[in-house]
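User: Hey, I've got this chain open and I'm a bit lost. Can we go through it together?
Analyst: Sure, fire away.

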Amino acid sequence: MTKEKQLIHHTILYAVANFGSSLITFLMLPIYTRYFHPEDFGVWDVAATTVGLLVPLITVELTSATYRWLIDDNETANKAEIISTGFFQILLHTLLFNFFALIIFLFIDFTLKWETLFYINVFIFSSFIQQCARGLKRNVLFASLGILQTLIVAALNIVFIFVFQLGIELFFYANIIAGLISIVVGWYNMRFSRYIRLKHYSKVILRPFFRYALPIVSGAAGWWILTMADRWMIALFLGMKFNGIYAVAVKVPAVLMMINHVFSLAWKDSAILAYRSADRDAFYSKIFDKYFTLLATSVICLTLSAKPLIEIFIGGAYNDAWKYTGILLLAALFNAMSLFWSAGFHGAKRTKTIFTTTAVGATVNVGLNLLLIPFFELYGVSIATLAAFFVTWAMRVQSGKQLFTIKFNYIKVILLLFIIVLSSMLPFIIDGYLLNMVIFVSFVMLIFVNRVILKKALCFDFKVI
């Protein structure tokens with residue numbers, strides 16, 4: 001199978017699972033926004049983003065290191081050594097975290113502390129199981145575990161809302177139960193016990209694990225500041241109500257991020273495996289050109305569609321959320337481009353570059369948030385996010401030149417960015433029938449411009465999956 005076909009193969013596989021998961025999550029959003037006030041929904045959003053910061057710090061991103069070493073190794077004995085080393089080291093870190101958390105609980109009391117602690121523990125090991133499945137090239141299992149978890153969360157949330165009428169604690173309960181089921185299913189299907197032996201724990205492997213993972217940890221903290229700290233700053237300056245509105249506003253860019261997440265999973269595999277090939281730069285450049293075109297035209301469609309989508313499906317107290325989606329979608333585009341370059345750094349095992357560029361982007365984000373939020377409220381948050389992602393991408397382009405070369409059509413990039421900016425202005429000017437016509441034209445353009453890659457995806461031989 002050629003590198004391009006393998007990339008399409010993996011992308012389609014991850015898309016089947018992730019589109020299903022995202023569709024379920026999106027369909028649940030009207031239920032959440034009608035059942036919870038913006039303040040309550042904002043509290044859960046802050047809690048979830050905080051967990052997203054803590055997990056990489058606890059695990060020291062050894063989950064990523066385990067995946068990276070697994071995907072390069074074909075020896076069963078080595079795989080057992082890699083997984084055992086990652087598993088027992090992460091277990092040690094998790095036990096230490098729980099010990100310190102229990103000490104903190106003796107002196108500080110806060111709502112949902114036990115639910116949060118259990119959620120963190122389950123999150124750590126469900127993620128480890130899934131990344132091991134991916135590293136072992138069990139991609140069908142990896143994708144299936146993701147959609148299984150989402151289905152269970154959605155089903156349990158419905159039960160907890162309409163039968164038990166619980167508050168925001170239902171999100172914790174549903175995610176904990178779904179994570180535990182995912183661990184059991186993944187463990188059984190991979191016969192995971194054969195890879196877990198204390199005698200296979202290797203300090204020799206652990207040293208390069210840490211060298212690879214530590215910059216990612218710092219990068220993860222920076223990434224959290226870059227993508228998630230907005231919630232804390234909104235809560236501090238504007239209050240939880242605005243946080244709830246912002247949480248809905250980012251759901252539209254989340255569609256683009258879902259597309260990017262699907263592709264990034266497959267692209268990271270391909271970029272790592274192709275890094276030492278002779279045609280690496282040509283392969284990277286060809287894929288980027290097609291990928292950017294697909295993302296940019298998708299941003300145009302989503303930017304124009306955000307207003308009617310939010311007004312029809314969400315409405316109520318969240319009605320103004322659409323106003324920020326144009327800026328956030330453009331930010332998501334630069335985020336996707338940044339992640340495209342980061343796959344090349346993973347291939348070179350030069351993760352320090354990911355950290356430094358993310359740290360600068362995070363600094364820009366925090367600085368602009370402090371400067372803009374008091375004057376422009378959620379517009380200030382959105383602009384700060386856009387600027388931070390643009391700076392991160394620009395720095396990665398410059399840093400990447402030392403390792404690989406990605407050529408792109410500057411005229412095409414500038415033209416599509418101009419159309420995106422124009423599309424973000426139109427919903428403020430036109431409405432109703434005229435806006436719907438423009439949306440229809442944008443979707444026709446999306447299909448026409450990406451017709452070659454869409455045809456390849458639709459005609460792909462699914463027997464190879």
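User: Let's just start somewhere. Which helix does Ala266 lie in?
Analyst: Ala266 lies in helix α11, which covers residues 251-274. Helices (H or I, at least four residues) and strands (E, at least two) are DSSP runs, numbered from the N terminus. A heads-up: this is a predicted model, where local features need pLDDT of at least 70, side-chain atom pairs count only at pLDDT 80 or more, and totals for chains, interfaces and linings use all residues. Residues are numbered from 1 along each chain as its sequence is written, and side-chain values use heavy atoms, with hydrogens and water left out.

User: Okay. Is Ala266 buried or exposed?
Analyst: Ala266 is buried, because its relative accessibility is 0%. Buried means under 20% relative accessible area, exposed means over 50%, and partly exposed is in between (1.4 Å probe, protein chains only).

User: How far is Ala266 from Asn139 in space?
Analyst: Their C-alpha atoms are 9.6 Å apart, with their positions 127 residues apart in sequence.

User: Zooming out, how many helices and strands are there?
Analyst: The chain has 18 helices and 0 strands. It has 465 residues, and 55% of them are buried.

User: And what share of the contacts join residues at least 24 apart?
Analyst: That's 85%, taken among contacts between residues at least 6 apart in sequence. A contact means heavy atoms within 4.5 Å.

User: What's the mean pLDDT of the chain?
Analyst: The mean is 83, and 85% of the residues reach 70 or more. pLDDT is the predictor's confidence in each residue, from 0 to 100. Over residues 460-465 the pLDDT is below 50, and in the model that stretch has 12 contacts beyond near neighbours in sequence. Where pLDDT is low, the predicted coordinates should not be read in detail.

User: New topic: rings. How many aromatic pairs does the structure hold?
Analyst: It holds 33 aromatic pairs. Rings of Phe, Tyr and Trp (its six-membered ring) pair if their centres lie within 6.5 Å; planes under 30 degrees apart count as stacked, over 60 as edge-to-face and the rest as tilted. One of the pairs is Phe99 with Phe100, which is edge-to-face, with 5.5 Å centre to centre and 70° between the planes.

User: Why does Phe99 count as partly exposed?
Analyst: Because its relative accessibility is 48%. Phe100 counts as partly exposed too, because its value is 49%.

User: Got another pair for me?
Analyst: Trp341 and Phe408 are edge-to-face as well, at 6.3 Å centre to centre and 85° between the planes. This pair links distant parts of the chain: Trp341 is in helix α13 (residues 325-347), while Phe408 is in the loop between α15 (378-400) and α16 (410-429), 67 residues apart.

User: Are those two buried or exposed?
Analyst: Trp341 is buried, with a relative accessible area of 2%. Phe408 is buried as well, with 15%.

User: Which residues do ring pairs link into a cluster with Trp341?
Analyst: The cluster includes Phe408, Phe288, Tyr291, Phe334 and Trp393.

User: Which ring does the charged end of Arg134 sit over?
Analyst: It sits over the ring of Phe142, 5.9 Å from the ring's centre. A charge sits over a ring if NZ of Lys or CZ of Arg is within 6 Å of the ring centre and within 35 degrees of the ring normal. Arg451 lies over the face of Phe448 in that way, at 4.3 Å from the ring centre.

User: Back to Arg134. Where is it?
Analyst: Arg134 is in helix α5, residues 113-135, and is buried, with a relative accessible area of 4%. Its side chain also makes a polar contact with the side chain of Gln131, at 3.2 Å. A polar contact is a pair of N or O atoms within 3.5 Å; within protein, one must be able to donate a hydrogen and the other to accept it, and residues adjacent in sequence count only if both atoms are side-chain atoms.

User: How many disulfides are there?
Analyst: The count is 0 disulfides, where a disulfide is a pair of cysteine sulfur atoms within 2.5 Å. As for cysteines, Cys132 is buried at 2% relative accessibility, and Cys301 is buried at 1%.

User: Last one: what does Pro427 touch?
Analyst: Leaving out residues up to four places away in sequence, Pro427 touches Thr303, Leu304, Lys307 and Trp322. Pro427 is found in helix α16 and is buried, with a relative accessible area of 2%. The C-alpha atoms of Pro427 and Leu304 are separated by 6.4 Å, although the two are 123 residues apart along the chain.
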